[in-house]
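Biologist: I would like to learn how to read a model of a protein, one feature at a time. Where should we begin?

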Amino acid sequence: MKKPSLAKGTRDFLPAQARKRKYIFETIEQTFIHFGYQALETPAMENLDTLTGKYGDEGDKLLFKILNSGDYLKSADEQLLKEKNATKLIPQISEKGLRYDLTVPFARVVAMNQHLLSFPFKRYQIQPVWRADRPQRGRYREFYQCDADVVGSTSLLYEAELLQIYDQVFARLGIPVRIVINHRKILEGIAIQAGCENQFMAMTLELDKLDKTSSEEVKQSLIRLGIEESKAAWILQIIQSKELNAFEFNEMAKAGVKEIQQAFHFNSGYSFLNELQFDASLARGLSYYTGCIFEIIPTSIAMGSLGGGGRYDNLTGVFGLNGVSGVGISFGADRIYDVMEELKLFPDDLNKAVQALFISLDENSLHWSFQLASQLRKKGIAVDVYPEAAKIKKQFTHAENLSIPFAIIIGEEERQSGQVNIKNQKTGQQLKVNAAEIERHIC
């Protein structure tokens, strides 16, 4: 018999782990709701033509394709099969794929339901996505995204609002972070000033490597792109500046500076609990974003970004709805989980899902235990009943394994007196109380 195994890049979450993940999701969701965002869900699979071409060539390679049901080779071209031409074969054998992110499906929903929505439309979505990436620390093939987006407004108020959401969520989770902000137009302005606007995308991809490699290596990469050495040196020098006014060297850059200043102005009366930092080297998916861009960096542990996002001016245009600007952010829940696990940030009481376990010494006591448990459950108290009158040590061991804080022991004597024994599993203290008073002693 083959040993059971997990698909690469996926994880099981046992009850204690699942409770911790739910804690993260609920913390994020509650914050979204407080800011007026509405829940949305989309299918795990989308039509492949909805997904392809939206994430660049590399993103298309990471899409999980779903084979057509039935005889999926029935309509496949024989010559393409012989040539093993996967690129041309895919449209013939696969019509659907697992969603790569939540933003493209969101854009599809907006385009399809535009007449049913009130704009600006604020939505949040917490669902899994799939990418055929190489699994490594902090990177999985199946993982959850927690997104909040607004479409139908160009107001910088929403950039300011999303910065607050990031700040409040990570403060509530106890993870110290640096909230980094930049603007596409600032980077475009740098490229114009350096006379390399034709190499704009390649330039930003190299700048994005500064957190992983040295300035000299990035400089040499810029030179290899055809950028003059003096200009490459200036680019690396200017992006080190943390002062926004240092980037007012042309109209394009000035426009980006002005928008960041507007977002900061909206937050002038708000006290950030985490560090908010302008960083001109932040490039983040510039083929996708058109305005302010964000990234979240943990400051107390070595880990990749815990979230990111930005402004996109015409995402719905690919689905026929033009001129609808949007801005959004995403939380990387799986990386957040790993950080909180490593830093031991989860509340201790998350392990106390069940408040008490009924331990019965005989079959008649088991019947009474079940009745008492039913009464407590009606009051919203989580309790469990060991299903048989087994050896008492075995029942206590079960309570310990599940980290249940109280054991309620019932035997013939307890039945006759109408009282039960309640043992505090942590202190070892044991009390005999009337059955009607159980709630007061275990809550």
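**Reading strands, sheets and helices**

Modeller: We begin with a strand. Phe-406, Ile-408 and Ile-410 point one way from β14, Ala-407 and Ile-409 point the other way, and all are buried. Keep in mind that this is a predicted model.

Biologist: Why do the side chains of a strand divide in this manner?

Modeller: In a regular strand, side chains alternate between the two faces of the sheet. As for cover, β14 spans residues 406–410, and 5 of its 5 residues are buried.

Biologist: Which strands pair with β14, and in which sense?

Modeller: On one side, β12 (residues 356–360) pairs with β14 in the parallel sense over 5 bridges. Here Leu-357 has Ala-407 of β14 as its bridge partner. With β15 (residues 419–424), β14 runs antiparallel, and 4 bridges join the two. Phe-406 is bridged to Asn-424 in β15, and Ala-407 to Lys-423 in β15.

Biologist: What is the order of the strands in that sheet?

Modeller: The order is β13-β12-β14-β15-β16, an open sheet of 5 strands with mixed pairing. At its edges are β13 (383–385) and β16, each of which pairs on one side only. From one strand to the next, the twist averages 25 degrees.

Biologist: And how are the outer pairs made?

Modeller: β12 and β13 are parallel, with 3 bridges; Leu-357 has Asp-384 as its bridge partner in β13. Two helices can be added to the picture. α14 (residues 363–378) packs on the sheet and touches β12, β13, β14 and β15, its direction making about 160 degrees with that of β13. α15 (residues 392–401) also packs on the sheet, touching β12, β14 and β15, and its direction makes about 170 degrees with that of β12.
At the other end, β15 pairs with β16 (residues 430–434) in the antiparallel sense over 5 bridges, and Ile-422 has Leu-431 of β16 as its bridge partner.

Biologist: How many residues lie between β15 and β16 in their hairpin?

Modeller: There are 5 residues between them, and Gly-428 in the turn has a positive phi of about 85 degrees.

Biologist: Let us turn to the other sheet. What is its strand order?

Modeller: This open sheet has 8 strands in the order β1-β5-β6-β11-β10-β9-β7-β8, and its pairing is mixed. β1 (38–39) and β8 (275–278) each have a single partner strand, so each has one side without a neighbour in the sheet. Within the sheet, β10 and β11 (residues 326–332) pair antiparallel over 6 bridges, and Gly-309 has Ile-329 of β11 as its bridge partner.

Biologist: Which helices lie across these strands?

Modeller: α1 lies across β5, β6 and β11, at about 5 degrees to β6. α7 (residues 157–173) lies across β5, β6, β7, β8, β9, β10 and β11, at about 10 degrees to β11.

Biologist: How is the packing of two helices described?

Modeller: Two packed helices are described by the angle between their axes and the distance between the axes. In this model, the axes of α1 (residues 15–34) and α13 (residues 333–342) come within 10 Å and cross at roughly 115 degrees. The crossing is right-handed. Gln-17, Lys-20, Arg-21, Tyr-23, Ile-24 and Phe-25 of α1 meet Ala-333, Asp-334, Ile-336, Tyr-337, Met-340 and Glu-341 of α13. By type, the residues of this contact are 7 nonpolar, 1 polar and 4 charged.

Biologist: How many residues of α6 are buried?

Modeller: α6 (residues 103–112) is mostly covered, with 9 of its 10 residues buried. Among them are Val-104, Phe-106, Arg-108 and Val-110. The buried residues pack against β2 (45–47), α2 (48–51), β5 (121–130), β6 (142–151) and β10 (307–312).

Biologist: Is Lys-88 buried or exposed?

Modeller: Lys-88, which is in α5 (residues 86–93), counts as exposed because its relative accessibility is 53%, and the cut-off for exposed is over 50%. Measuring by C-alpha atoms is another way to place a residue: Lys-88 and Leu-282 are 194 residues apart in sequence and 36 Å apart in space.

Biologist: What of the cysteines, and how many disulfides are there?

Modeller: The count is 0 disulfides. Cys-146 counts as buried because its relative accessibility is 0%. Cys-292 is also buried, with a relative accessible area of 0%.

How values were computed: Residues numbered from 1 in each chain as written. Predicted model: local features only at pLDDT ≥ 70, side-chain atom pairs only at ≥ 80, totals over all residues. Heavy atoms only, no water. Axes fitted to C-alpha atoms, helices over the stretch in contact; angles between N-to-C directions. Left-handed = near helix turned anticlockwise from the far one by under 90°. Contact = heavy atoms within 4.5 Å. Nonpolar A, V, L, I, M, F, W, Y, C, P; charged D, E, K, R; others polar. Buried < 20%, exposed > 50% of the residue type's maximum accessible area, 1.4 Å probe, protein only. Pairing = 2+ DSSP bridges. Disulfide = S-S within 2.5 Å.
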